[in-house]
Number of protein chains: 2
Amino acid sequence: VSDSPRGRLRAAVIAVGDELLYGATVDTNGAWMGTQLAEHGIPVVERRVVADEGDAIASSLAAALAVADLVILCGGLGPTPDDRTREAVANQLGLAMTTDPALVDMLKDRFRAFGHANLPRNNLKQALVPARAEVMENPRGSAPGLLLSVPDDPSKYVALLPGVPREMKGIFVEELLPRLRRLFTDRMLPVAHRWIHTTGIAESVLSERLQPLLPDDLGGVSLAFLPKLTGVDLRLTVRDEPDGDVARDALDRVERLLAPAVDKYRFESKSGDLVDALAARLGARRLTLAVAESCTGGLIAKRITDRPGASSYFEGGLVAYSDEVKIAQLGVEPDLLARSGAVSEGVALAMARGARAHFGVGATIAVTGIAGPDGGSEAKPVGTVWYAATVGGHERALHRRFPGDRDAIRVRSAQAALNLLYRLLGDDGTP
Amino acid sequence: VSDSPRGRLRAAVIAVGDELLYGATVDTNGAWMGTQLAEHGIPVVERRVVADEGDAIASSLAAALAVADLVILCGGLGPTPDDRTREAVANQLGLAMTTDPALVDMLKDRFRAFGHANLPRNNLKQALVPARAEVMENPRGSAPGLLLSVPDDPSKYVALLPGVPREMKGIFVEELLPRLRRLFTDRMLPVAHRWIHTTGIAESVLSERLQPLLPDDLGGVSLAFLPKLTGVDLRLTVRDEPDGDVARDALDRVERLLAPAVDKYRFESKSGDLVDALAARLGARRLTLAVAESCTGGLIAKRITDRPGASSYFEGGLVAYSDEVKIAQLGVEPDLLARSGAVSEGVALAMARGARAHFGVGATIAVTGIAGPDGGSEAKPVGTVWYAATVGGHERALHRRFPGDRDAIRVRSAQAALNLLYRLLGDDGTP
């Protein structure tokens with residue numbers, strides 16, 4: 001069933017772990033790798049989850065090598081006795097296990113740096129690798145990645161990655177992808193993408209508005225809708241076009257067709273995170289930012305400070321969860337709270353103004369709402385949220401009733417509030 | 001490889017869908033079914049994700065039937081041409097496809113209820129099922145579940161479920177599980193679990209300390225380590241013990257053996273979230289809580305308010321990201337900041353005291369550290385974090401150097417700070 005050595009590269013992914021089979025852990029690695037591989041022109045033809053058992057790992061590797069040229073095994077590289085991936089792969093491929101002295105040193109350094117005098121005996125096992133395996137460094141953990149070619153068919157490769165998502169992703173991007181590019185350039189399908197990030201419009205509404213704008217034939221460009229709680233990403237793709245200029249022109253054409261429906265909701269951000277788009281607009285005006293949060297309870301401040309470099313514009317935030325804190329720290333009038341309730345236009349604006357005074361900043365965001373599951377009423381059901389933003393003398397408040405559970409309402413509220421300030425700042429950095 | 005008809009039931013799960021392989025959708029169904037099946041004594045021995053292709057579905061079904069007695073296929077039951085699961089299963093098992101008149105009526109009723117005069121032609125396909133398949137009703141969608149025994153080996157069963165999670169879960173719980181219980185009572189393995197949540201100790205260290213405490217034979221109890229950034233969960237499992245009292249005694253015995261190594265790091269929480277354990281201790285003492293965060297940037301407040309009911313004890317928090325805010329809002333002395341730096345014992349304690357004054361609460365948490373990637377120095381490398389807690393007149397500060405990237409350092413810092421207050425409150429709710 002296998003392609004010829006010169007054919008298109010095809011991948012299979014095997015996630016190893018009892019806890020994945022039993023459902024204690026959701027396998028998010030598989031989807032992430034599927035996206036990455038597809039974007040780099042390597043289709044995934046099969047994915048499996050198998051137990052921490054040598055036989056299961058070995059037989060699934062054999063089956064995967066029958067349909068794929070690259071098999072990635074993920075998980076089971078840890079120091080405990082139920083981590084069996086390295087050994088099972090070596091057995092299946094007929095390779096001996098050898099201790100890699102460079103890995104022993106690396107592990108010792110790692111444990112010393114974190115204040116352990118000695119390397120635990122268990123961790124020594126992590127330096128035992130199949131013969132001829134190339135080590136891919138893992139600066140985020142103790143399990144390195146490994147890459148080896150299949151002795152019976154050296155055109156095929158097996159990669160071993162740790163199961164911890166951030167370790168896996170680091171090795172995948174920094175170590176594995178560059179090697180795949182070197183090994184397989186001519187066997188990877190050329191793929192050109194363009195991402196258009198939107199927020200504040202539902203997938204179904206966006207899709208309806210786009211329909212009359214788009215001809216049936218998009219000139220070799222395919223369009224995917226990728227909805228998230230924070231917005232809808234549109235991904236334009238041109239496959240199998242080796243000329244980069246031709247691909248770019250085709251993407252430009254479709255992007256222009258989409259513009260009338262999309263531009264009002266679009267934001268520019270390489271990472272896809274609205275926080276980065278907002279930071280760029282604040283930076284262009286040299287504005288500092290502070291936030292006042294009630295129902296989002298710190299989520300907006302967390303999202304802002306998730307991004308390295310936030311300290312260049314972010315002063316701080318106040319989580320005003322109780323009415324007392326809204327009154328004492330943000331200067332919200334007790335009368336206003338009694339008259340309009342905490343979830344109201346007046347309180348949202350008073351919180352945003354209060355944050356400006358409290359932190360002495362140029363721009364503020366405030367949110368007050370009912371995230372549930374309790375606290376809703378007929379007039380203000382769960383999901384009702386008021387949010388406000390100020391920039392200098394300009395200010396604006398909006399309200400929405402967001403669908404979903406507590407978590408979804410909080411995520412949507414935080415995004416809507418960030419977006420309000422983003423729009424208030426305007427394309428050219430002026431409100 | 002298969003068990004005898006009287007042996008223990010083993011399951012395999014096949015998720016069907018291009019969008020799962022390419023990563024546009026994360027397969028959460030597999031983990032959910034894994035948990036459900038494991039809890040009902042049906043171990044899942046393999047899980048796969050395959051493309052919407054007849055051949056891939058058929059060959060993975062054949063392979064799964066070689067290792068499992070029950071194969072659940074999930075997805076590909078919709079009305080569009082790329083929904084191919086029904087037909088591929090019928091082909092593989094050598095069954096004809098027949099139109100089920102009861103299903104036609106059901107589909108017509110459903111579409112009428114939603115205001116459509118006619119059943120779309122595409123949806124008629126959903127009434128075409130493999131001969132002898134038992135229909136499992138789906139009140140939440142148009143794709144019914146199907147259950148059939150394998151003609152060549154009637155002791156084996158194949159179930160087809162839709163891929164939409166809430167439809168799949170409804171059919172699984174309401175239709176499939178009762179049928180499995182009827183068909184396989186004596187072949188389902190009784191399983192008893194106990195979870196022990198720990199935080200503040202590394203998996204490798206915990207594992208080393210447990211080794212001398214545990215005999216090789218744990219009396220039928222198996223022990224699994226489930227590490228997360230926030231701690232290590234231990235899961236004790238007794239399988240194949242039909243007497244619940246005997247299983248409980250065996251779990252109690254192992255729990256007592258673990259205690260000397262575990263108790264110092266253990267917390268009691270049904271959800272597994274330390275925030276709930278802390279909330280219980282604060283509630284027992286009727287203490288209110290506020291937080292002051294620098295490097296965690298709102299993450300602690302977010303975690304606290306993630307949990308419904310936080311307003312019963314949580315007043316609010318201050319994200320003091322800049323030195324100016326630490327001075328102006330928390331009363332940290334400028335001299336102290338200049339002398340010791342923002343990441344120091346003195347500043348962590350001053351922030352925790354400042355939060356107590358600022359919010360007028362009984363208990364506080366404060367964190368200041370270097371989350372990176374920039375801002376580290378030789379004396380205070382990235383990952384250096386000071387955190388403090390106060391309860392009434394009691395206070396304590398600790399520091400750590402946490403491994404990992406910015407995100408991991410923030411998650412670990414937040415957990416360590418929550419844990420410091422949890423330990424300060426003591427088992428009986430007193431510091």
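**Notebook: chains A and B of a predicted model**

I began with the meeting of the two chains, and I found 67 residues of chain B in contact with 62 residues of chain A. I keep in mind throughout that this is a predicted model.

I then looked up the area buried between chain B and chain A, which comes to about 5,000 Å², with carbon and sulfur atoms giving 55% of it. On the side of chain B, I noted that Leu21(B), Arg47(B) and Tyr321(B) supply 12% of the area this chain buries against chain A, which is more than any other three residues give.

Next I turned to polar links, and the rule finds four salt bridges across the interface of chain B and chain A. In one entry, Arg410(B) forms a salt bridge with Asp306(A), and their closest N and O atoms lie 2.8 Å apart. I also recorded 30 residue pairs in polar contact across this interface, while the residues of chain B that touch chain A divide into 30 nonpolar, 19 polar and 18 charged.

I followed the strands across the interface as well, where five bridges join β2 of chain A to β2 of chain B, both covering residues 44–50 and running antiparallel. Within this pairing, Glu46(B) is the bridge partner of Val50(A).

Finally I looked inside chain A, where four strands form an open antiparallel sheet in the order β10-β11-β9-β12. Here β10 (221–228) and β12 (266–267) stand at the edges with a single partner strand each, so one side of each is left without a neighbour in the sheet. Two bridges join β9 to β12 in chain A, and His197(A) has Phe267(A) as its bridge partner. Helix α8 (residues 203–210) of chain A lies across β9, β10 and β11, running at about 155° to β10(A).

Notes
Residues are numbered from 1 along each chain as its sequence is written. Chains are lettered from A and ligands numbered from 1 in the order in which they are written. This is a predicted model: local features need pLDDT of at least 70, side-chain atom pairs count only at pLDDT 80 or more; totals for chains, interfaces and linings use all residues. Side-chain values use heavy atoms; hydrogens and water are left out. Contact means heavy atoms within 4.5 Å. Buried area is the accessible area (1.4 Å probe) that two parts lose on being put together, summed over both. A salt bridge is a side-chain nitrogen of Lys or Arg within 4 Å of a carboxyl oxygen of Asp or Glu. A polar contact is a pair of N or O atoms within 3.5 Å; within protein, one must be able to donate a hydrogen and the other to accept it, and residues adjacent in sequence count only if both atoms are side-chain atoms. Ala, Val, Leu, Ile, Met, Phe, Trp, Tyr, Cys and Pro count as nonpolar, Asp, Glu, Lys and Arg as charged, and the others, Gly among them, as polar. Two strands pair if DSSP finds at least two bridges between them. Axes are lines fitted to C-alpha atoms, for helices over the stretch in contact, and angles run from 0 to 180 degrees between N-to-C directions.
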